Structures are given as structure tokens and as C-alpha cells.
Amino acid sequence: MRPIGLTRSVEATLAVSIIRVPLGILISSDGPYSVVSRSMLCGALLAIDEVNFAAGDVRFEPTIGNPGGELSRYAALTTDMLAAGIQHVVGCYTSSSRKEIIPLFEKADTLLWYPSHYEGFETSANVIYTGAVANQHLLPLVDYSLTHLGPRAFGVGSNYIWAWENNRILREAIGPRGGTLLAERYFPVGCTDFGQVIEAILVARPSFVFNTLIGVSSYQFLRDLRAACVARGIDQPNDIPVVSCTLSEPELEAIGAEAIDGHITSSVYFSTLPTEANRRFVAAYADRFPDGPAVSADAEATYIAVRLLALALADAGATDAASIKRVIGRQSIAAPQGDVSIDADTMHPCLTPRIARSNAKGRFDILREASAPVRADPYLIRSSSRYGAVSVRPVLRVAS
């Protein structure tokens with residue numbers, strides 16, 4: 001398909017300078033966390049369309065791999081993509097899948113563009129990150145929770161890196177401020193049996209539950225907790241609120257109307273942001289994918305990854321990893337969430353933290369937001385006194 005508005009003669013003239021780039025998309029459209037990952041795929045495809053239909057110098061030729069949420073398939077699909085000459089792959093939702101394939105990119109000296117929020121504490125010369133890290137999502141959530149909800153937390157998570165590390169950070173962040181992590185309970189990814197832990201929560205009556213469950217596990221837990229509270233006459237959203245750094249719009253739809261409202265989420269993007277850039281993004285996304293899933297922070301981060309890659313390719317005039325890394329630090333995008341750029345020192349993004357509460361319409365009401373993008377601190381060197389540095393937190397203001 002020709003770029004919109006170009007005649008054949010003009011397109012032929014431009015073809016000489018166009019950089020055609022094979023692009024791998026490694027996202028699970030099936031499996032236990034497919035609701036979110038399918039929105040990531042939509043974000044990638046929307047960005048690819050926009051790049052390919054623009055009168056620019058880059059055209060993407062995507063190859064889509066679907067691991068189905070099975071860890072072993074990530075490596076196999078990545079190996080096939082790299083063997084086919086693909087130098088850039090956008091994908092992965094879980095930290096386990098990312099860590100599974102990073103050695104393959106390091107060996108081939110190619111780039112993984114990782115578009116999901118994650119726990120941090122990682123460096124690779126062959127990964128560019130466009131999702132939030134702890135100082136952009138968890139630490140603002142800690143501040144909000146201790147200030148507005150109370151000091152006693154109960155952790156429930158999926159049994160892998162994301163939950164382990166976030167509970168560790170939570171424990172170390174709330175301790176010096178008089179907070180306590182009462183318990184940590186972990187469940188296999190995809191688990192839906194939470195009766196025992198819900199009873200423990202009702203006995204402990206924490207100030208808040210910190211939810212690091214993912215996919216169908218999270219949706220079932222929220223339904224079951226709400227039902228157990230209703231049966232006991234407990235106002236769950238107010239008496240035992242659930243907070244997280246993961247819950248997004250398509251997941252609210254998956255939870256169902258009976259337990260959709262009152263959940264606190266820390267993120268850098270919500271579809272209700274009242275900016276013109278976001279309105280255009282949401283409208284374009286809905287037009288391209290009328291059957292959903294709904295747009296999400298992970299969809300926006302994936303969209304950003306593809307758009308930043310296109311800018312870097314055009315700037316570098318080359319496709320190899322070294323050339324892209326040399327120029328990525330000077331790229332920026334007026335993203336739906338606000339201005340986004342990549343810190344060349346860490347290969348992590350500058351993003352704008354926000355806190356929101358879900359409502360009965362399946363959207364989020366924004367409660368707090370930072371006044372400007374915040375530089376990523378993946379090792380919490382600048383953000384935590386544990387490392388001997390002055391404690392620095394993004395200052396969130398009340399959203400108007």
C-alpha cells in the first residue's frame with residue numbers, strides 16, 4: 001500500500017532514499033496475560049501504520065511472533081527472527097520472557113525494544129526500554145498509599161521476578177516511614193484459586209493490598225476479594241483498597257462490572273488524559289481496532305517504542321544497533337502521555353508518573369500527576385536512601 005497522498009511518480013522518487021527495515025514483533029496474543037499483550041500488539045501495529053503511511057524515510061516490514069505466554073517459545077521465536085536478519089524486535093510483557101531472550105540479542109548485537117513497565121535493576125547494551133521503572137510507578141504509589149490509605153500493606157503476586165522485586169522495593173520503601181509489609185503471598189502465573197489468601201487478608205485487615213498478580217490471576221483475585229467483602233458487609237474499595245502498578249483499561253473490562261471500580265493504579269498513561277495528543281491517539285486506536293482491546297499504558301509504550309525506533313533509524317541512516325544507540329538519546333516524541341525521550345546513559349525513558357482510581361465505566365479518574373517527565377532511575381541510586389543517596393521522589397500534584 002502506498003503512503004496516503006503520494007502519487008506513483010512521487011513514491012518512485014522517494015523510494016531511492018527509503019530505509020526498509022524488517023521489524024520483529026514478539027507479543028503473546030494468547031495465554032494468561034493476553035488481554036494486556038494484545039493491546040501492546042495493537043499499539044505496535046498502529047505505530048507501524050503511521051510510520052509506513054507517512055512521507056518519511058523509514059518503512060517497516062513486520063514479522064509477528066506469538067509465544068502464547070509460554071516462556072520457552074520466546075527464545076525459539078527470537079532465534080528464528082535473528083536468523084532471518086531482523087535487527088530490531090519490539091516485545092515481551094513479563095520480565096521472565098525478557099530475561100530469557102536478552103542473551104540472544106547480546107550475542108547477535110541486535111536490539112530488543114522492551115515496552116512494558118518493569119521492576120528495574122537491569123542493564124543491557126542491547127535493550128532499549130520504553131516502559132516505566134520503580135521510581136516512575138512504585139515509589140509514587142508508595143507515597144500515595146502511605147499518605148492516603150495507611151501504613152499496613154499485604155502483598156499478593158504472581159510467582160516471578162516482577163512480584164518478588166516489587167515487594168522487596170515496597171518493603172524497603174515503607175519501612176523507614178513506619179510502614180509494614182504484613183505478608184507476601186505468591187501464586188503461579190494463571191492461578192485462579194485465592195480463597196485461602198483472601199481469608200488471610202480479611203483477618204489481617206491491612207491498610208491496602210499491593211497486587212502484583214498478572215493476567216487472569218489478577219482479574220479473578222479482584223472478583224473474589226470483592227465478593228468476599230460484599231458477603232461480610234465490607235466496603236472493599238474504601239476499607240481494603242487494592243493498589244497496583246499494572247491494572248489497565250482492557251483489564252478492567254476483563255474483571256467485569258461487579259468488581260471494576262475503586263482500584264488504585266500508578267502508571268504513566270491513562271486513556272482519560274485530557275490532552276489533544278492523547279485524544280488523537282485514542283481516536284486513531286479505536287478506529288484501527290474497533291473490536292478492542294481497549295488502549296492501555298502498555299499499548300502506548302509499545303507505540304512509543306516503534307515511533308522512537310523510526311526516528312532513530314531516519315537520524316542514523318543505518319539500522320545496526322551501534323548506530324541506533326549513538327542517536328537514540330537525541331530523539332523525543334510528543335507522546336499521548338506527554339513528552340518522552342530516552343536517557344542515553346541508561347537506555348530508559350523519561351516519563352510522567354500519575355496515580356488514578358478505576359471507576360464503574362471501566363476507565364480511570366486521575367488523582368495525582370507529576371508536573372513534568374521524570375528521568376528513570378532503574379537501580380534506585382538517586383531515589384532511595386538505601387543506597388546512600390538523598391531520597392528523591394517525583395512530586396505529584398492533584399490532577400485538575
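Here are a few exercises with worked solutions on this structure, which is a predicted model.

**Exercise 1.** Work out which strands pair with β3, and in which sense.

*Solution.* Start with strand β1, residues 19-26: β1 and β3 pair in the parallel sense, over four bridges. One residue pair to look for is I25, whose bridge partner in β3 is V90. Now turn to strand β4, residues 111-114, which runs parallel to β3 and is joined to it by three bridges. Here V90 turns up again, with W113 in β4 as its bridge partner.

**Exercise 2.** Find out whether the two faces of β3 are covered or open.

*Solution.* First, a reminder: in a regular strand, side chains alternate between the two faces of the sheet. Next, sort residues 88-91 by side: H88 and V90 go on one, V89 and G91 on the other. Then check burial: all four are buried, and both faces of β3 are covered.

**Exercise 3.** Follow the chain from β3 to β4 and give the handedness of the unit you find.

*Solution.* After β3 you reach T94, in the loop between β3 and α4. Helix α4 takes up residues 95-108, and together β3, α4 and β4 make a right-handed β-α-β unit. Pause at T94 on the way: is this residue buried or exposed? The cut-off for buried is under 20% relative accessible area. T94 has 6%, so this residue is buried. Leaving aside neighbours within four places in sequence, T94 is in contact with Y33, Y114, Y160 and I214. Y114 has another partner too: R98 lies over the face of its ring, at 4.6 Å from the ring centre.

**Exercise 4.** Classify two of the aromatic pairs, Y118 with Y129 and F187 with F194.

*Solution.* A search of the whole structure gives 12 aromatic pairs. For Y118 and Y129, the ring centres are 5.2 Å apart and the planes make an angle of 10°, so this pair is stacked. Y118 sits in the loop between β4 and β5 while Y129 belongs to strand β5, so the pair ties together parts that are 11 residues apart in sequence. Both of these tyrosines are buried.

For F187 and F194, take 5.0 Å centre to centre and 75° between the planes: that pair is edge-to-face. Use the accessible areas as a last step: F187 is buried at 15%, and F194 is buried at 1%.

**Exercise 5.** Name the residues of the aromatic cluster.

*Solution.* Pick out Y269, F281, Y285, F289 and Y303; these form one aromatic cluster.

Methods:
Residues numbered from 1 in each chain as written. Predicted model: local features only at pLDDT ≥ 70, side-chain atom pairs only at ≥ 80, totals over all residues. Heavy atoms only, no water. Buried < 20%, exposed > 50% of the residue type's maximum accessible area, 1.4 Å probe, protein only. Pairing = 2+ DSSP bridges. Right-handed = clockwise from strand over helix to strand, strands pointing away. Contact = heavy atoms within 4.5 Å. Phe/Tyr/Trp six-rings, centres within 6.5 Å; stacked < 30°, edge-to-face > 60°. Lys NZ or Arg CZ within 6 Å of the ring centre and 35° of its normal.
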